[in-house]
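Visitor: Please take me through one part of this model in close detail. I would like the helix itself, then the packing around it, then the loops.

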Amino acid sequence: MDPADIGLLTELEPVVARALDAHFQRADDWYPHQFIPWSEGRDYDGVLDGQPWTQEPDGLDSAVLDGLLHNLLSEDNLPSYHRMIAECFTRDGAWGTWVNRWTVEEDRHGMALRDYLIVTRAADPVELEDARRLHMQTGYDLDCRGTSLVGLVYVTLQELGTRITYQNIKRRCGEPVCEALLQRIAQDENRHMLFYREVLGAAMELQPERTMKALEEVVSTFRSPAHAAPGFRRLSLSMARSGIYSPVTHHDEVLVPMMRHLRVFDRAGLSAGGEAARERLAGLLQATEAKARRFADTVASVR
């Protein structure tokens, strides 16, 4: 690990410890099995000689199903994410406690989503398993690996985007059990975002120039952790068209609020390097805003 990262992680340790204490106080553990309509389940074909999966006409809205499939594929790669944040933040002290606790909570999400989809026969279980296997075999690494700060920026933005995605799927869902499950998952994701955002805010105060450069690097390369999953392009396009997560969502509800919270554009006293990174970041946000507006205009023109 870079000596600069070691120094920053050490300086941030008390902040992490306080944020971890607050997280445990807010944490509301829940049990995935209580959110699955088991009584709807039927044996599948195979050793139980049940009914093979078929597409049922009264299933979930197609946009909702695509959102759930995308998020399940994202959650499936948890072993790679655990490795990534352990490498970014270490497994020592409060950082290590957080890495393990985050993994505990994230593990519920994929478990519950998969059980719901299989029990309700909303998705083909063979396709789910094939996609899980291929995605996990591919693994995951950040596009812009290199520093702990880059990892911290990425997970902060990703947790916010994930929370919004779950909330937007819930708004379209129309199925009470699924809505309740999505609400619980979204609450977890929000608490994770709050933890990371607090630590990132402290990093900005301690090392504003390095943090500004990390923000620029992540914003310029940001994409979903499920980008290598089978069918990702189709799912992401469906989510964009439905408004579950589009370029408008990414700019208006993720990037802009996070920059505002971190006071990126009204922060004084930056070095020349920090100012240059901020200028490049401003250009990136102008580009994401233009992309969002073009997307919104395109959607409006076809309605």
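Guide: What follows starts at one helix and works outward through its neighbours. Keep in mind that this is a predicted model.

Start with helix H3, residues 78–89. How far apart should its ends be? At 1.5 Å a residue, the 12 residues of H3 should span 16 Å. The end C-alpha atoms are 16 Å apart, so the expected span and the model agree.

Which residues of H3 are buried? They are Leu78, Ser80, Tyr81, Met84, Ile85, Ala86, Cys88 and Phe89. These buried residues pack against six partners, listed here by residue range:

- helix H1, 3–26
- helix H2, 62–76
- helix H4, 93–119
- helix H5, 125–138
- helix H6, 148–173
- helix H7, 176–206

Threonine 90 follows H3. The phi of threonine 90 is positive, near 75 degrees.

Now look at how those partners meet one another. Take H1 and H4. Their axes come within 8 Å and cross at roughly 40 degrees. H1 and H4 are therefore oblique to each other, since roughly parallel would need an angle under 35 degrees. The crossing of H1 past H4 is left-handed. From H1, the contact takes in Leu9, Leu12, Glu13, Val16, Ala17, Leu20, His23 and Phe24. From H4, the residues are Gly93, Ala94, Trp95, Thr97, Trp98, Arg101 and Glu105. By class, this contact of H1 with H4 holds nine nonpolar, three polar and three charged residues.

H2 and H6 form another pair. The axes of H2 and H6 come within 9 Å and cross at roughly 150 degrees. That angle makes H2 roughly antiparallel to H6, because the cut-off is over 145 degrees. H2, too, passes H6 in a left-handed crossing. On the H2 side sit Ala63, Val64, Gly67, Leu68, Asn71 and Glu75. On the H6 side they meet Thr165, Tyr166, Ile169, Arg172 and Cys173. The contact of H2 with H6 divides into six nonpolar, three polar and two charged residues.

One residue of that contact deserves its own stop. Threonine 165 belongs to helix H6. Is threonine 165 buried or exposed? Its relative accessible area is 5%, so threonine 165 is buried, the limit being under 20%. Setting aside residues up to four places away in sequence, threonine 165 touches Asn71, Met239, Ile244 and Tyr245. Asn71 is also among the H2 residues of the contact with H6.

Move to H7. Alanine 186 lies in this helix. Alanine 186 is buried, with a relative accessible area of 5%. Beyond residues up to four places away in sequence, alanine 186 touches Arg163, Tyr166 and Gln167. Tyr166 also takes part in the contact of H6 with H2. How far is alanine 186 from leucine 215? The two are 29 residues apart along the chain, and their C-alpha atoms are separated by 24 Å.

Arginine 191 is in H7 as well. At 11% relative accessibility, arginine 191 counts as buried, because the threshold is under 20%. Which residues does arginine 191 contact, leaving aside neighbours within four places in sequence? They are His23, Arg26, Ala27 and Asp28. His23 is also one of the H1 residues that meet H4.

Last come the loops. Aspartate 49 is in the loop between H1 and H2. Aspartate 49 is not a glycine, yet its phi is positive, about 55 degrees. Aspartate 49 is exposed, with a relative accessible area of 69%.

Arginine 121 is in the loop between H4 and H5. This residue has a positive phi of about 60 degrees and is not a glycine either. Arginine 121 counts as buried, at 4% relative accessibility, whereas aspartate 49 is exposed.

Proline 57 sits in the loop between H1 and H2. Proline 57 is exposed, with a relative accessible area of 86%. Where is proline 57 relative to alanine 122? In sequence they are 65 residues apart. In space, C-alpha to C-alpha, they are 10.0 Å apart.

How values were computed. Residues are numbered from 1 along each chain as its sequence is written. This is a predicted model: local features need pLDDT of at least 70, side-chain atom pairs count only at pLDDT 80 or more; totals for chains, interfaces and linings use all residues. Side-chain values use heavy atoms; hydrogens and water are left out. Helices (H or I, at least four residues) and strands (E, at least two) are DSSP runs, numbered from the N terminus. The expected span of a helix is 1.5 Å times one less than its number of residues. Buried means under 20% relative accessible area, exposed over 50%, partly exposed in between (1.4 Å probe, protein chains only). Contact means heavy atoms within 4.5 Å. Axes are lines fitted to C-alpha atoms, for helices over the stretch in contact, and angles run from 0 to 180 degrees between N-to-C directions. Angles under 35 degrees count as roughly parallel, over 145 as roughly antiparallel, 65 to 115 as roughly perpendicular and the rest as oblique. A crossing is left-handed if the near helix is turned anticlockwise from the far one by less than a right angle, and right-handed if clockwise. Ala, Val, Leu, Ile, Met, Phe, Trp, Tyr, Cys and Pro count as nonpolar, Asp, Glu, Lys and Arg as charged, and the others, Gly among them, as polar.
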